[in-house]
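Me: I am new to this structure. Please take a close look at chain B, and then at how it goes together with the rest.

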Amino acid sequence: MAILKNIRQHSLPHILPLLLLLTLPGAFGCSSRVSTEDIRTELAYGSYETLTEKMQAAHEAHEEFVTALNLARVLQLQGRWQESIEIYEAGLTLLEEYERRAIINMRELLGEAGSILISRGSLGYYGTGYERTLLHTFNAMNYVMLGDFSGAAVEMRRMEQRQEVWLAEEEYRLREYAEKRQSIGNPASYDDEPESLPGQYSMAELLRDPQVRALANSYQDPFSYSLSAIVCRLAGDEEYAGVSLRRAALLDPAAGDMFSAAWGPGKGVARQRANQTQGLPSYDNWTPNIPRRAKKASAATQEVTVMIFSGLAPALNLEQIRIPAPYIGYLMIDLPSYIGSVRGNAPTVELLAPGKSASAASPRSSAASAKHLAAHPLLRIELLAYRTLRDEVRYEIGSAIARAIFRAATAGAAYAVARSNDDTQAFAGLIGLGVSAIMDLVASGTSSSVRNWELLPAAGFLSMGAVPRGSCLRVTLGADEAEIDLPGEAEGIIVMISQITTSKMRVDYVAY
Amino acid sequence: MNKNRKNISLTLLVMLCLALLVMSGCGGPSVGRVQGAGDTHYGNADEVETVNSAWGSTDLQMTAESMTQSLLASRWIAKAYEPPKIRLREVRNLTAEHIDTKAITDKIRVQLLRSGQVRFLADTANLDEVFAEREFSEAVTRRDVNKLLADTDYIVTGTVRSIRKTTKEVADVYYQITLELVDPQSAEILWADEKEIRKSTTTPKIGW
């Protein structure tokens, strides 16, 4: 109450304009961004070219991290590899500038203050752990498609270093959170598990999902490490390939199984986990086998790696929730939530004998005799997004409540100040309402800047093996189907398939 | 008299100012300089560059200088009966940066050639152009001429590695550049040397 009185008497006329000033640029700056609705509409009914033009205009007008990532990805979806690399680099430059900022950074402090008092959108967005990881993973794929495995390997090494910075940042945030808890003096009211989430919160169930809980963390995925193993081997860095492969297998034993089958079993795989009866191999002490590249096409087989990306990652927005509060009945708080994830199709990868490709009278008829290559879902972006939110939801709730209280208190203070003045007494209610409306306007304006990397796929699959030279690969994703005649003279082929919506499947491959 | 003197002084002052104005104004264009609105100027290429901790021109220059001196001092070059023929192969980039390792080998080659103590054969990457030129000048390529192209005394290979550690306060990067002189017939490594570079960047405590 003393704070309220202080605000009422002295600070309100000074604080409010300052905060509005701080948040207004964010509110108006957002108008140049391409909205989630626009992105979804263009993807479903429009063309990638139109979306690219809109995003390029947004990137030039409002140079920010998330816009760069989305633009880089849409360029990649059109096979514009070099342009995509340039935009990923532009995004990376913004991220590195952010990472190099002073320890006590005035911009961040003001953003933090704005996020606690006005709107969550006041905070600059520099991606979550998994987005920063995948920036390098997806950029590495551009290099792969250009046949530059050395460049791709550099990206994968950068990916690991980026995680180090994220870890330091997360550690700092967690320490701050722990200190806040300590200062509250009632740690019991903050549950370590987000089980006490508001009932109306649409994400509550998803955040408690066992699959989300089972993830090792929110920033590492077995797909990135598997790709790292593949490209580092091709770039001649077998040591790093081995390290990456071990990490992939530790995150998901399915990755270890896949590589063991393709590259040989290696050493130290415990056939069965001591505490499990499912027969899953343990890769805790694994020394993977990294086969040397076959310089000459001597064998009857060739390597094939298929990366398949389907669906669309969920988009981040703010959800208004009403929570009970003493004295005033309820508070409206805004919490981040993920919406509109496009669940992709699970792929099937078939291998047809040489000469059995699309020219055959009935390609479907040969399916019975075709050999299947297993496609492992090693990249689950939906789960990584939910896991990130799960890790941060306690901090988000705390900030959302602080925002709601501040907004209510400011409107109340404005009303009280107006009432105490003879000239404005008659309009006190209107003034209070007006201040509240202005704050809501600014808050909703900055809220639209709460965005994430929306053009990531929902899931990524990896399939690999040795196949007879010149085979035909048939990949089916829902109603879409593609057949690729593998060039028989190549040592190996890496195929990349992307499908966001049905009838928009793109196939690219590179031979080495 | 005084008035006249004043007038003369004033006229001289005005003329001096005009002359200075003309000299300064015309100074640029008279030597053919085209200048835009921005601040662009030439710098010393040998100046130490510390824009950030990423691989830069100073690292390239230090590495090339150190490796060239070491290679020239090795007995395989210094005590050779006649300048040996060398081919530069790939220097592998095993760092987490997109380093153009060709720039390292190019710089070393230039410095070695300037010394006059070695001869170089075209890189494998440039051989295609050499062959194209030969085909242009000779309708039929003879076997013995082809052999000359492959007649290398030594090859030079190498790697660039890096270790980077980052905290909120400091970023530290260590580069290790290793080069080897190899006899292609016996695969014996005749000479090897390394150049180590360490760079640290501290984050300012307070800033905008």
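Reply: Helices and strands here are runs assigned by DSSP, with at least four residues for a helix and at least two for a strand, and they are numbered from the N terminus. The model is a predicted one.

By that count, chain B has six helices and six strands. Read from the N terminus on, its elements follow the order α-α-α-β-α-β-α-α-β-β-β-β. Chain B has 208 residues, and 33% of them count as buried. Among its contacts with a separation of 6 or more, 66% are between residues 24 or more positions apart. The accessible surface of chain B is about 14,100 Å², and carbon and sulfur atoms account for 56% of that.

One loop of chain B deserves a separate look. Strand S4 (170-182) and strand S5 (189-202) of chain B have a loop between them, and Ala187(B) is found there. Phi of Ala187(B) is near 65°, which is positive although the residue is not glycine. Most residues other than glycine have a negative phi. Ala187(B) has a relative accessibility of 54%, and the cut-off for exposed is over 50%, so this residue counts as exposed.

Next comes the partner chain. In all, 18 residues of chain B are in contact with 23 residues of chain A. About 2,000 Å² is buried between the two chains, 56% of it from carbon and sulfur atoms. Zero salt bridges are found across this interface.

Both chains also contribute to a nonpolar surface patch of about 610 Å². Ile206(B) and Trp208(B) come from chain B, while Ile104(A), Met106(A), Leu109(A) and Leu110(A) come from chain A. Helix H6 (residues 106-117) of chain A gives the most to the patch, with three residues. Ile104(A) sits in strand S1 (residues 104-105) of chain A. Its relative accessible area is 42%, so Ile104(A) is partly exposed.

Although the interface has zero salt bridges, the count over all chains is 26. In general, side chains of opposite charge can pair when their charged atoms come close. Several pairs in chain A show where such links occur.

Arg157(A) and Asp237(A) form one of them, at 3.0 Å from N to O. Arg157(A) is in helix H8 (residues 149-184) of chain A, and Asp237(A) is in the loop between helix H11 (222-234) and helix H12 (238-251), so the pair links distant parts of the chain, 80 residues apart. Both partners are buried, Arg157(A) with a relative accessible area of 5% and Asp237(A) with 4%.

Arg233(A) and Glu303(A) make another salt bridge, with their closest N and O atoms 2.7 Å apart. Arg233(A) lies in helix H11 and Glu303(A) in strand S2 of chain A, so this pair ties together parts 70 residues apart in sequence. Arg233(A) is buried too, at 2% relative accessibility.

For Arg293(A) and Glu491(A), the closest N and O atoms are 3.1 Å apart. Both residues are in loops of chain A, Arg293(A) between helix H13 (253-263) and S2, Glu491(A) between strand S10 (480-485) and S11, and they are 198 residues apart. Arg293(A) is partly exposed at 24%, whereas Glu491(A) is buried at 14%. Finally, a network of salt bridges links Glu96(A), Glu99(A), Arg132(A) and Arg162(A).

Conventions: Residues are numbered from 1 along each chain as its sequence is written. Chains are lettered from A and ligands numbered from 1 in the order in which they are written. Side-chain values use heavy atoms; hydrogens and water are left out. Patches are made of residues with over 30% relative accessible area and no salt bridge: like charges are joined within 9 Å, nonpolar side chains (Val, Leu, Ile, Met, Phe, Trp, Tyr) within 5 Å. Accessible areas come from the Shrake-Rupley method with a 1.4 Å probe; for residues, only the protein chains shown count as cover. A salt bridge is a side-chain nitrogen of Lys or Arg within 4 Å of a carboxyl oxygen of Asp or Glu. Buried means under 20% relative accessible area, exposed over 50%, partly exposed in between (1.4 Å probe, protein chains only). Contact means heavy atoms within 4.5 Å. Buried area is the accessible area (1.4 Å probe) that two parts lose on being put together, summed over both.
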